[in-house]
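I sat down with a new model today and kept notes as I went. Here is what I looked up, in the order I looked.

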Amino acid sequence: MKNGNTCIKCDSVDIRKIPGKYPFSEQTNMAKISAFKKIYVTRFVCVSCGYSEEWIEKGEDLEYLRKNAEQPEDFSNFV
Ligand SMILES: [Zn+2]
């Protein structure tokens, strides 16, 4: 949905982009990251069926996570 404009669930082409208002780091328990940097997540929503995807769009933010975020062995608590 980020790279195309078709919903992967219902094939609708009516996708809306909603910029993140709250930093990614405040929605999770990534305390180490929130202490240093605010990372915003953009949501892409299909307004036909309600399916949504969240993306970190800035390359610099992804680079930051690559360097600073831990790789948890257990993803069960990671939303
Ligand atoms: Zn849809």
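These are my entries, from the overall layout to single residues.

**Entry 1: the layout**

I started by reminding myself that this is a predicted model. I then went through the secondary structure of the chain and found three helices and three strands. Reading from the N terminus, I get the order β-α-α-β-β-α. I also looked up burial: of the 79 residues of the chain, 27% count as buried. For contacts between residues at least 6 apart in sequence, I noted that 48% join residues at least 24 apart.

**Entry 2: the zinc ion**

Which residues hold the zinc ion? I found four protein donors, the SG atoms of Cys-7, Cys-10, Cys-46 and Cys-49, lying 2.3 Å from the zinc ion. Along the sequence, I wrote the spacing of these donor residues as C-x2-C-x35-C-x2-C.

Next I checked the geometry. The angles that the four donor atoms subtend around the zinc ion run from 106 to 112°. I call the arrangement tetrahedral because four donors count as such if all angles lie between 85 and 135 degrees.

Is Cys-7 buried or exposed? Cys-7 has a relative accessible area of 1%, so I file it as buried, the cut-off being under 20%. For Cys-10 I read 33% relative accessibility, which makes this donor partly exposed.

**Entry 3: the sheet**

I turned to the strands and found an open sheet of three, in the order E1-E2-E3, with antiparallel pairing. The edge strands are E1 (15-18) and E3 (52-55), and each of them pairs on one side only. Ignoring direction, I noted that neighbouring strands of this sheet are turned by 20° against each other on average.

I then took the pairs one by one. E1 and E2 pair in the antiparallel sense over four bridges, and in this pairing I saw Lys-17 standing opposite Phe-44 in E2. E2 and E3 also pair in the antiparallel sense, over four bridges. On that side I noted Val-45 opposite Ser-52 in E3, and Arg-43 with Glu-54 of E3 as its bridge partner.

What links E2 to E3? I found that the two strands form a hairpin with five residues between them. In the turn, Gly-50 has a positive phi of about 95°.

I also asked how enclosed E2 is. Four of the five residues of E2 are buried, so I noted that this strand is largely enclosed by the rest of the structure.

**Entry 4: Phe-44**

I picked Phe-44 for a closer look; it lies in strand E2, residues 42-46. I read 6% relative accessibility for Phe-44, so it counts as buried.

What does Phe-44 touch, leaving aside its neighbours within four places in sequence? I listed its contacts as Met-1, Lys-2, Ile-15, Arg-16, Lys-17, Tyr-51, Ser-52, Glu-53, Trp-55 and Glu-57. I also checked Ile-18: it is 26 residues from Phe-44 along the chain, yet the two C-alpha atoms are separated by 6.2 Å.

**Entry 5: helix H3**

Which residues of helix H3 are buried? In this helix, residues 59-68, I found Asp-61, Tyr-64 and Leu-65 to be buried. Looking down the axis of H3, I saw the buried residues fall within an arc of 95°, so they line one face of the helix. On the face turned away from that buried side I noted the exposed residues Glu-60, Arg-66 and Lys-67.

**Entry 6: two residues outside the strands and helices**

I looked up Asp-11, which sits in the segment before E1. Its phi is near 70°, a positive value in a residue other than glycine. With a relative accessible area of 58%, Asp-11 is exposed, because the cut-off for that class is over 50%.

My last stop was Lys-38, in the loop between helix H2 (31-34) and E2. I read a relative accessible area of 42% for Lys-38, so I put it down as partly exposed. Where is Pro-23 relative to Lys-38? I noted that they are 15 residues apart in sequence and 5.3 Å apart in space, C-alpha to C-alpha.

Key: Residues numbered from 1 in each chain as written. Predicted model: local features only at pLDDT ≥ 70, side-chain atom pairs only at ≥ 80, totals over all residues. Heavy atoms only, no water. Donors = N, O, S within 2.8 Å, 3.2 Å for Na, K, Ca; no water. Tetrahedral: all angles 85-135°; square planar, octahedral: opposite > 155°, others 65-115°. Buried < 20%, exposed > 50% of the residue type's maximum accessible area, 1.4 Å probe, protein only. Contact = heavy atoms within 4.5 Å. Arc of directions from axis to C-beta. Pairing = 2+ DSSP bridges. Axes fitted to C-alpha atoms, helices over the stretch in contact; angles between N-to-C directions.
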